[in-house]
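Student: I have not seen this structure before. Could you take me through it and give the reason behind each term?

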Number of protein chains: 2
Amino acid sequence: MAHDLDLALPWLDALKWDDNGLLPAIAQDAKSGKVLMLAWMNRAALEATAATGEAVYWSRSRRRLWKKGEESGHFQHVQEIRADCDGDALLLLVTQTGGIACHTGHASCFFYRQTESGWQAADPVLKDPETIYA
Amino acid sequence: MAHDLDLALPWLDALKWDDNGLLPAIAQDAKSGKVLMLAWMNRAALEATAATGEAVYWSRSRRRLWKKGEESGHFQHVQEIRADCDGDALLLLVTQTGGIACHTGHASCFFYRQTESGWQAADPVLKDPETIYA
């Protein structure tokens with residue numbers, strides 16, 4: 001298709017940054033395959049991630065670069081960076097320090113399961129969130 | 001945190017739809033754990049997905065609902081719908097018809113791996129894309 005990723009461009013330019021200069025980035029545990037979270041990257045975040053091997057995102061709420069784990073200690077060591085066919089989404093294969101990606105103490109941020117009675121928390125809390133940020 | 005998903009709201013209202021009324025939705029193979037693609041959903045897409053058990057997305061380029069597989073036959077049967085901690089991303093656990101999610105004939109859209117020399121196609125093409133849409 002016409003909109004596929006253009007391999008002739010420098011790798012950062014080949015990506016289709018959105019109107020805010022961002023792309024969604026999925027973090028997946030490299031070993032278990034668990035999808036841990038979805039965050040956002042701008043060019044600087046992706047460059048920092050590639051250069052350091054540690055996941056750095058763009059925090060839309062705080063409007064600054066955010067090294068995952070800078071407050072919690074739950075860093076993400078990046079094994080591999082992937083882009084999708086049309087270059088508008090990223091996938092990081094990571095080793096998650098402490099096995100906990102979510103500020104709630106769940107392994108994954110995707111712990112709400114849709115049921116007939118609404119969203120239900122489906123996975124165990126592995127660590128008291130108060131102790132994560134203590 | 002203050003922005004966590006509010007379980008008191010009806011499930012569709014609990015989600016934090018963006019300014020365009022959309023949320024990113026990750027499709028993951030329920031059996032292999034492979035991340036297949038990232039697409040977008042509006043409320044109608046998510047409602048249709050939940051009601052039918054088949055993944056329906058919002059196509060941003062075509063500006064219409066798009067039942068995954070409607071042209072290729074590569075439908076996604078949805079086993080589970082998940083939301084993340086703050087309700088601004090979705091994760092679908094799916095069974096992918098034909099084992100191919102990507103219009104390029106790759107199992108996953110995330111087949112480009114970042115290397116020192118740029119993006120490199122890292123996974124095999126399982127089906128000639130010309131035959132997918134023939």
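Tutor: We can start with one residue and its neighbours. Leaving out residues up to four places away in sequence, A:Leu92 touches A:Ala25, A:Ile26, A:Ala27, A:Gln28, A:Ala55, A:Val78 and A:Ile81. Keep in mind that this is a predicted model.

Student: What makes two residues count as touching, as for A:Leu92?

Tutor: Their C-beta atoms, placed from the backbone, must lie within 7 Å. Each residue in that list for A:Leu92 is therefore a contact in this sense.

Student: Which residues touch the most other members of the largest nonpolar core?

Tutor: They are A:Ile26, A:Leu92, B:Ile26 and B:Leu92, in a core of 74 residues. In soluble globular proteins, nonpolar side chains tend to be buried together.

Student: Why is A:Leu93 called buried?

Tutor: A:Leu93 has 21 other C-beta atoms within 10 Å. The term applies from 20 upwards, so A:Leu93 is buried. A:Leu93 belongs to strand β6 (residues 90-96) of chain A. Beyond its neighbours within four places in sequence, A:Leu93 has contacts with A:Gln28, A:Ala30, A:Gln79 and A:Glu80. From A:Leu93 to A:Ala27 the C-alpha distance is 6.1 Å, although they are 66 residues apart in sequence.

Student: Is B:Gly53 buried, exposed or partly exposed, and how do you know?

Tutor: B:Gly53 has 13 other C-beta atoms within 10 Å. Exposed would need 12 or fewer and buried 20 or more, so B:Gly53 is partly exposed. B:Gly53 sits in the loop between α2 (43-52) and β3 (56-59) of chain B. Apart from neighbours within four places in sequence, B:Gly53 is in contact with B:His77 and B:Val78. The C-alpha atoms of B:Gly53 and B:Gln79 are 7.5 Å from each other, with their positions 26 residues apart along the chain.

Student: How do you know that β5 of chain A and β7(B) pair?

Tutor: At least two bridges are needed, and these strands have two, so they pair; the sense is antiparallel. One bridge partner in β7(B) is B:Arg113, opposite A:Arg82. In turn, β7(B) pairs with β8(B) in the antiparallel sense over four bridges, where B:Arg113 has B:Gln120 as its bridge partner.

Student: In what order do the strands of the open sheet run?

Tutor: The six strands are ordered β2(A)-β1(A)-β6(A)-β5(A)-β7(B)-β8(B), with mixed pairing.

Student: What makes β2 of chain A and β8 of chain B edge strands?

Tutor: Each pairs on one side only. Neighbouring strands of this sheet are turned against each other by 35 degrees on average, direction ignored. Helix α2 (residues 43-52) of chain A lies across β2 and β5 of chain A together with β7 of chain B, at about 120 degrees to β5(A).

Student: How many residues does each chain give to the contact between them?

Tutor: Chain B gives 31 residues and chain A gives 32. On the side of chain B, β5(B) gives the most, with four residues. That side divides into 21 nonpolar, six polar and four charged residues.

Student: Why are the two copies said to be related as by a two-fold rotation axis?

Tutor: Chain B is superposed on chain A by a rotation of 180 degrees with 0.0 Å of shift along the axis, at an RMSD of 0.0 Å. The copies are therefore related as by a two-fold rotation axis. In chain B, the C-alpha nearest that axis belongs to B:Gly33, at 2.7 Å. The same surface serves both copies, as 100% of the contact residues of chain B recur in chain A.

Key:
Residues numbered from 1 in each chain as written. Chains lettered and ligands numbered in written order. Predicted model: local features only at pLDDT ≥ 70, side-chain atom pairs only at ≥ 80, totals over all residues. Nonpolar A, V, L, I, M, F, W, Y, C, P; charged D, E, K, R; others polar. Least-squares fit on C-alpha atoms with pLDDT ≥ 70 in both. Axes fitted to C-alpha atoms, helices over the stretch in contact; angles between N-to-C directions. Core = buried A, V, L, I, M, F, W, Y, C linked by C-beta atoms within 7 Å.
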